[in-house]
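Please open the model in your viewer and keep the sequence panel beside it, ready for selecting residues.

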Amino acid sequence: MPTILGQNQYGKAENRVVKITRDGATHHIKDLNVSVALSGDMDEVHYSGSNANVLPTDTTKNTVFAFAKEYGIESAEQFGIHLARHFVTSQEPIHRARIRIEEYAWERIETSDANSKFIGADEVKHSFVRKGQEIRVTQVTYDGEKWEVVSGLKDLIVMNSTNSEFWGYVKDKYTTLQEAYDRILATQVSARWRFNWTDDEQKMPNWEKSYEQVKKHMLQAFAETYSLSLQQTLYQMGSRIINNRSEIDEVRFSLPNKHHFLVDLEPFGLKNDNEVYYAADRPYGLIEATILRDGCEPKIPVDMTNL
């Protein structure tokens, strides 16, 4: 039975590039993990093995490092845009480029003040500690005409130690969970948001400011929502972003419920007044949803595992 070639792509995955910008004695770090995927007129390399249209994946790797020098890394999004535009416009067989980037943040180590006994401690501006809050991500896709930029974060762990309840749910013969009127609400946020910037005629967003503001609104909504369910909190987080950031039309969250169960201390003659909890690793509830600007269509994949 005859076969035909379906969707295909190739590239170099997980290129780890660290760019140090030296502003005199003050240094700045951008630390990225860049994956390149290219697609287009690639039938023959699959059917006959002809590499006539194939840009080597090693070349894509070299391009990532060369562009870090040539263009610098203003933001993960801007760096992805430079790369995607280059691959599509410089290679005729390549019709579409997808650049995925993870960014690992660093912050400057706070050193001794000017009166320290350590000579020059107040002048140290080149020492950093890796931030542990979250990993910033972006995916830039370009087909020669239209752009799609989906950014986000993962592994951002947040907790409310009160102002959360869970009760009034469906109960059947297998239900053992007790209703909670004061519980811990904790989750490990994975979020993606899609920008409505799609072509070069539009004004490009300020990528760095946008990320900072989206994260701020997300966290404020988590903290300020009196939660009756994690779903309610998720919706408020997404709505706060959409309502405050005009450059974003869609937000998708995947929120595992990091369960904290009260420990029964009565066998030891102790009363546990919402003080001591067992933090369960698994299984966990997994709450996922997309929040959209009214009139917009969803485009972020439901399964964000590889996004």
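The tour below goes from annotated residues to a helix.

This is a predicted model, in which local features need pLDDT of at least 70 and side-chain atom pairs count only at pLDDT 80 or more, while totals for chains, interfaces and linings use all residues. Residues are numbered from 1 along each chain as its sequence is written, and side-chain values use heavy atoms, with hydrogens and water left out.

Select first Thr57, Asp58, Phe166, Arg183, Gln231 and Asn257, which an unreviewed UniProt entry annotates as "binding site"; such annotations may be inferred rather than shown by experiment. These residues span 201 residues of sequence and are spread in space too, with up to 52.7 Å between C-alpha atoms.

Now centre on Thr57, which lies in helix H2 (residues 57-70); helices are DSSP runs of H or I with at least four residues, and strands are runs of E with at least two, numbered from the N terminus. Thr57 counts as partly exposed because its relative accessibility is 26%, where buried means under 20%, exposed over 50% and partly exposed in between (1.4 Å probe, protein chains only). Leaving aside residues up to four places away in sequence, Thr57 touches Tyr10, Gly11 and Lys12, contact meaning heavy atoms within 4.5 Å.

Move next to Asn257 in strand S9 (residues 248-257), which is buried at 9% relative accessible area and, with the same sequence neighbours left out, touches Arg183, Leu185, Ala186, Leu230, Tyr284 and Gly285.

Finish on helix H5 (residues 230-244), whose buried residues include Leu230, Met237 and Ile241. The buried residues of H5 pack against strand S8 (185-195), helix H4 (207-224), S9 and strand S12 (285-292).

Note on methods. Expected span 1.5 Å × (residues − 1).
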